[in-house]
Amino acid sequence: SSDPLIIFTPSGKRGRFPAGTPVLTAARQLGVDLDSVCGGRGICSKCQITPGYGEFSKHGVTVHDDALSEWNAVEQRYDDKRGLKPGRRLGCQATIQRDVVIDVPAESQVHKQVVRKRVEARDILVNPTIRLYYVEVEEPDMHEPSGDLERLCAALHEQWEVENAQADLHLLQTMQPILRKGDWKVTCAVDHGRDGDAPRIMHLWPGLYEDTIYGLAIDLGSTTIAAHLCDMRSGEVIASSGVMNPQIRFGEDLMSRVSYSMMNKGGSDEMTAAVREGMNTLFDVVAAEAGIDKGLIMDAVFVCNPVMHHLFLGVDPFELGQAPFALAASRALHLRARELDLKLHPSARVYLLPCIAGHVGADAAAVALSEAPDKSEDLVLVVDVGTNAEIMLGNKERVLACSSPTGPAFEGAQISAGQRAAPGAIERVEIDPVTKEPRFRVIGSDLWSDDPGFAEATAATGITGICGSGIIEAIAEMRLAGVLDASGLIGSAEQTGTDRCILDGRTNSYLLYDASAKGGPRITVTNPDIRAIQMAKAALYSGARLLMDKFGVDKVDRVVLAGAFGAHISPKHAMVLGMIPDAPLEKVTSAGNAAGTGARIALLNREARGEIEATVHRIHKVETAVEPRFQEHFVNASAIPNAVEPFPILNT
Ligand code: FES
């Protein structure tokens, strides 16, 4: 009769193999994703499987408990020493005897799926550039002289088909004692680099290294630097943290940093040193939070705007300060952490995503990787809201992108009671259109300010200020309640009929919260606050509008709000303000930190790097600074919601 049939789940891959074929061998031949670090020697246990025994016929599955071979000595020894979970077998030892269904549990898959929380987001396939291999190396022989490295490379070739491996200098410096300590059995970390690159051995451990290695996904923003520490085997984020970008002391926004470097000799170098130092501090924080050795961080992916990109690399951003805004390099860069003074593994890799062009940088590329406007059937507008807004408009046919200088107002800066989004900050606001009385919620509590128990619930944090999403809602609600006119001016107490509108000196303000009688804060929204938000939202809107002009459309099918702040913004209030173009509210979604997610995808998946490197060539950059219509749109967009554009959705 024919050979036994083997079916793998969850992949559904199947094939017939002669009785006696190890399950791992069958898996490899069928392209089933089954892990192995020791190469089938029965010591790593990464190849664990769960057999469901059976024979297939039109009557269904008949159970046979002899469908796999009995335990051999190797599997028995592993179980005695380390213990296999009930029902589990080692795929490299168990051989196929009769028809069988084999389940590959998630932890035994090499290319694990990291499930993202959002429904519309694609999962991340874990397939990093750096992989671990266990090898047994031939001992040196005086009569057949060859170097230790040559025998190590030969073992990688013979045992893992890793061809033509090269070694980092750091590896040569440390290799010999490790080979001897491991009794010629070692685990290698090999960087596969780009297609066509020779694989490079980065690190050796004596014997079987059973632990994992780590990577960092870093979103280097003008205001904050955020890092996610990932386990490179499971793909999970095990710690995240952020610090202020220490370059803030040289200027709050990008252009002031470019001018700092132009006006001060050595200014660019000072900023380079500051940002690298900030990063090393951040790496200490995330490594401590996860309780790991920083030396095990072997790969890092960075996304940032072009000015940050140049300053991080140590390239003077001078050319970015003037047309034609030539980048030093727009391609993706493969560097070493050491060259950038980053204290990670001694030969840790650094990958910078490609820039698109001009002021549209690697952060926009990362958003494109995460949100894939180039794969969208319908016309999608993606806005990544930060100190600089990255804006993309497109679909499968074409994608346009621009960058717009919104300034830091959306992050709570330049706002009189503004603060970062942290416990105690007002994040939601409602104003009664009749009484003009406000109610609000603060970060850290689910209660509204007029709910019973609110005072107790917020006692620990207090009410400290107003964050970006709070100020957006406050201003939009003021407009809806009629205490603010379309030009952004707050009415007087007589005009509005509420003594919450206060004339202080020359400008009016609206009183949101007052605990000053008890020595607490007094939180108002002032005309200059509104002005700052008007400028920021006008920059955002006119960038989006400019792309719509170029695309030849006057509406979009859907809007994705990205950025740490974008995730919290209420679509309705954003539209009332005229921050984003009119679109059905249910078609406005938030993507969270899409740039950070893009960095994580590029860290965990080698193919994704090639994918975004190809995609950036298909994204057409629009330079807002030289577009006359940008100014015109900007002026119109300063009104709330807009001086000329209708917002029909708001009237339904
Ligand atoms: Fe390592 Fe099976 S492959 S134990």
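Strands, taken as DSSP runs of E at least two residues long, and helices, taken as runs of H or I at least four residues long, are both numbered from the N terminus, and two strands pair if DSSP finds at least two bridges between them. All views show a predicted model, in which local features need pLDDT of at least 70 and side-chain atom pairs count only at pLDDT 80 or more, while totals for chains, interfaces and linings use all residues. Residues are numbered from 1 along each chain as its sequence is written.

**View 1. Strand β19 pairs with β17 in the parallel sense and with β18 in the antiparallel sense.** The parallel pairing of β17 and β19 rests on 4 bridges, and within this pair Ala-300 stands opposite Val-350 of β19. Strand β18 (residues 333–336) is likewise joined to β19 by 4 bridges, with Leu-335 placed opposite Val-350. In a regular strand the side chains alternate between the two faces of the sheet. Along β19, Arg-349 and Tyr-351 point one way and Val-350 and Leu-352 the other way, and all of these residues are buried, a term that requires 20 or more other C-beta atoms, placed from the backbone, within 10 Å of the residue's own (12 or fewer make a residue exposed, and values in between partly exposed).

**View 2. Domain 3 (220–352) meets domain 4 (362–408 + 532–651), with bounds that come from an automatic or database domain assignment.** The C-alpha centres of the two domains, 3 and 4, lie 24 Å apart, and 23 residues of domain 3 are in contact with 22 residues of domain 4, contact meaning that the C-beta atoms of two residues, placed from the backbone, lie within 7 Å. On the side of domain 3 that touches domain 4, the elements that give two or more residues are β15, α5, β17 (297–304) and β19 (349–352), and β17 gives the most, with 5 residues. The residues on this side of domain 3 divide into 13 nonpolar, 7 polar and 3 charged, where Ala, Val, Leu, Ile, Met, Phe, Trp, Tyr, Cys and Pro count as nonpolar, Asp, Glu, Lys and Arg as charged, and the others, Gly among them, as polar.

**View 3. Helix α6 (residues 267–290) spans 35 Å from its first C-alpha to its last.** For its 24 residues this reach is close to the 34 Å expected at 1.5 Å a residue, the expected span being 1.5 Å times one less than the number of residues. The buried positions of α6 include Met-271, Val-275, Met-279, Leu-282, Phe-283 and Val-286. An α-helix has 3.6 residues a turn, so residues three or four places apart point the same way. The buried residues of α6 pack against β15 (224–231), β16 (237–244), α5 (254–263) and α7 (306–313), and the helix is followed by Gly-291, whose phi is positive, near 65 degrees.

**View 4. Helix α8 (residues 362–371) is mostly covered.** Of its 10 residues, 10 are buried, among them Asp-363, Val-367, Leu-369, Ser-370 and Glu-371. The residue that follows α8 is Ala-372, with a positive phi near 45 degrees.

**View 5. An open mixed sheet of 4 strands has the order β10-β12-β13-β11.** Its edge strands, each of which pairs on one side only, are β10 (130–136) and β11 (166–167). Strand β12 (residues 185–191) runs antiparallel to strand β13 (residues 200–206), joined by 6 bridges, and Ala-189 stands opposite His-203 of β13. Helix α3 (residues 148–160) packs on the sheet, touching β10, β11 and β12, and its direction makes about 100 degrees with that of β10, where axes are lines fitted to C-alpha atoms, for helices over the stretch in contact, and angles run from 0 to 180 degrees between N-to-C directions. Helix α4 (residues 169–181) packs on the sheet as well, touching β11, β12 and β13, with its direction about 35 degrees from that of β13.

**View 6. An open antiparallel sheet of 3 strands has the order β26-β27-β28.** The edge strands are β26 (501–504) and β28 (522–526), each pairing on one side only, and the twist averages 45 degrees from one strand to the next. The pairing of β26 with strand β27 (residues 507–514) covers 4 bridges, and Cys-501 stands opposite Tyr-510 of β27. Helix α12 (residues 527–551) packs on this sheet through β27 and β28, its direction making about 55 degrees with that of β28.

**View 7. Pro-438 lies in strand β24 (residues 438–442).** Pro-438 is buried because 24 other C-beta atoms lie within 10 Å. Not counting residues up to four places away in sequence, Pro-438 touches Val-429, Glu-430, Ile-431 and Leu-512. Pro-438 and Tyr-510, although 72 residues apart in sequence, are 10.0 Å apart in space, C-alpha to C-alpha.
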